[in-house]
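Biologist: Got a minute to go through this one with me? Put it up and we'll start with the terms.

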Amino acid sequence: MQKTVLGIETTCDETAAAVVSVDEDGVGQIRANEVLSQIAEHAAYGGVVPEIAARAHVEVLDRLIARALDRAGTGFRDLDGIAVAAGPGLIGGVLVGLVTAKTLALVTRKPLLAVNHLEAHALTARLTDGVAFPYLLLLVSGGHTQLVAVRGVGDYVRLGSTVDDAIGEAFDKVAKLLGLGYPGGPAVERMAEAGDPERFALPRPMLGRREADFSLSGLKTAVRIEAERIAPLAERDVADLCASFQAAVVDVVVDRARVALRAFSDVAGRPTALVAAGGVAANGAIRRALAALAGEAGLSFVAPPLPLCGDNGAMIAWAGLERLRLGLVDDLTAPARPRWPLAARAAVPAG
């Protein structure tokens, strides 16, 4: 029997609402996916301003929900649940979405599904490609960089994470340093396409380490030192710095993912796939490098279509459906969580 859920996302600087259905075989269908970005509102500040973000969510969320339902050709009476990202994220924005979802659930008498935003990213590959458990996930969303064994809905083991900056944060900070504006990731990637990745000998932090952890702070500092050394920067210099930085990140990501693949069997057996999710998973160089690594390991590589890499309501609705099918529903006391870890750290064997 088909089930349909409304998904609401307001954890950062995208306001999103979507309607997703799943059939009795577990195949998902995105019936509507409305996303309104706030990039223009935050660009002048070089990053997201929480108060501006929360107010922008308040102004548009009701209309976005109505538009999603209209485009899906459905109404509240046809829904089987209301899913919402209850964290982690900017608390003001999270509250806007959560209070809206609770109100809708109360009025329509539909189940509330309080979704972990990171879990929604983690499960997106099952919506888009039907990936079976267990799989290795590179989660690169906002301030998060993690390698996770995804064993099932609500069952995650963290194999590695960043000890300082997340990859997305490093891209944003390098972009700001080089005067490329916000958001930084796409700007750095565009400049890197015209640059020489071998011009600057930048470090590859944590390369070869036994644990699958990341460290990006030193790499970001190395870019700053090189930029100051050759200042003032010509456009060619900026392109070469971006290309060298991105190449270093790619090398680190591949090395860390390779370590995580070796550790995966200890916690989950053989993975069905290597999956990337989150905003940074839209980076073409990272996608190509991970696809090559997966091929070496005899695995398929899965990354969502670019519109589903960033924050969106479809991933929230899908995570809600995954939980609903298992009977995992929430009551109206579900809290808003600025921090909400996805996974426990895997134990490291002695020796």
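Modeller: Sure, burial first: buried means under 20% relative accessible area, exposed means over 50%, and partly exposed is in between, with a 1.4 Å probe and protein chains only. This is a predicted model, where local features need pLDDT of at least 70, side-chain atom pairs count only at pLDDT 80 or more, and totals for chains, interfaces and linings use all residues. Residues are numbered from 1 along each chain as its sequence is written, and side-chain values use heavy atoms, with hydrogens and water left out.

Biologist: OK, cysteines. Is Cys12 buried or partly exposed?

Modeller: Cys12 has a relative accessible area of 23%, so it is partly exposed. Cys309 is at 0%, so that one counts as buried.

Biologist: And how many disulfides?

Modeller: Zero, taking a disulfide as a pair of cysteine sulfur atoms within 2.5 Å. For Cys12, the nearest cysteine sulfur belongs to Cys309 and is 16 Å away.

Biologist: Switching topic: how is the chain divided into domains?

Modeller: Domain 1 is 1-122 + 305-324 and domain 2 is 130-304; such bounds come from an automatic or database domain assignment. Their centres, taken over C-alpha atoms, are 27 Å apart.

Biologist: How many residues does each domain put into the contact?

Modeller: Domain 1 gives 21 residues and domain 2 gives 19, with contact meaning heavy atoms within 4.5 Å.

Biologist: What about the largest nonpolar core: which residues touch the most other members?

Modeller: Ile167, Phe245, Val249 and Leu290, out of 58 residues. H8 supplies the largest share, 18 residues. A nonpolar core here is a set of buried Ala, Val, Leu, Ile, Met, Phe, Trp, Tyr and Cys residues joined through side-chain atoms within 4.5 Å. Helices (H or I, at least four residues) and strands (E, at least two) are DSSP runs numbered from the N terminus.

Biologist: What does Leu290 touch?

Modeller: Leaving out neighbours within four places in sequence, Leu290 contacts Leu138, Val253, Ala257, Leu274, Ala276 and Phe301. Another core lies apart from the largest one; it has 36 residues, including Tyr156 and Leu308.

Biologist: Leu290 is in H9, right? Which residues of H9 are buried?

Modeller: Yes, and Leu290 is on the buried list with Gly284, Ala285, Ile286, Arg287, Ala289, Leu293 and Ala294. They pack against strands E6 (135-141), E9 (273-277) and E10 (300-302), plus helices H6 (184-192) and H8 (235-268).

Biologist: What span should H9 have, and what does the model give?

Modeller: The 13 residues of H9 (284-296) should span 18 Å at 1.5 Å a residue, and the end C-alpha atoms are 19 Å apart, which agrees. The expected span is 1.5 Å times one less than the number of residues. Just after H9, Gly298 has a positive phi of about 75 degrees.

Biologist: And H3, what does its buried side pack against?

Modeller: The buried residues of H3 pack against strands E1 (3-9), E4 (81-87) and E5 (112-116) and helix H2 (50-72). Among those buried residues are Val94, Leu98, Lys102 and Leu104. H3 (91-108) has 18 residues and reaches 25 Å, close to the expected 26 Å. Arg109 follows H3 with a positive phi near 60 degrees.

Biologist: Last one: is Glu119 buried or exposed?

Modeller: Glu119 counts as buried, because its relative accessibility is 4%. Glu119 sits in helix H4 (117-129) and, not counting residues up to four places away in sequence, touches Val153, Gly154, Tyr156, Arg323 and Leu342.
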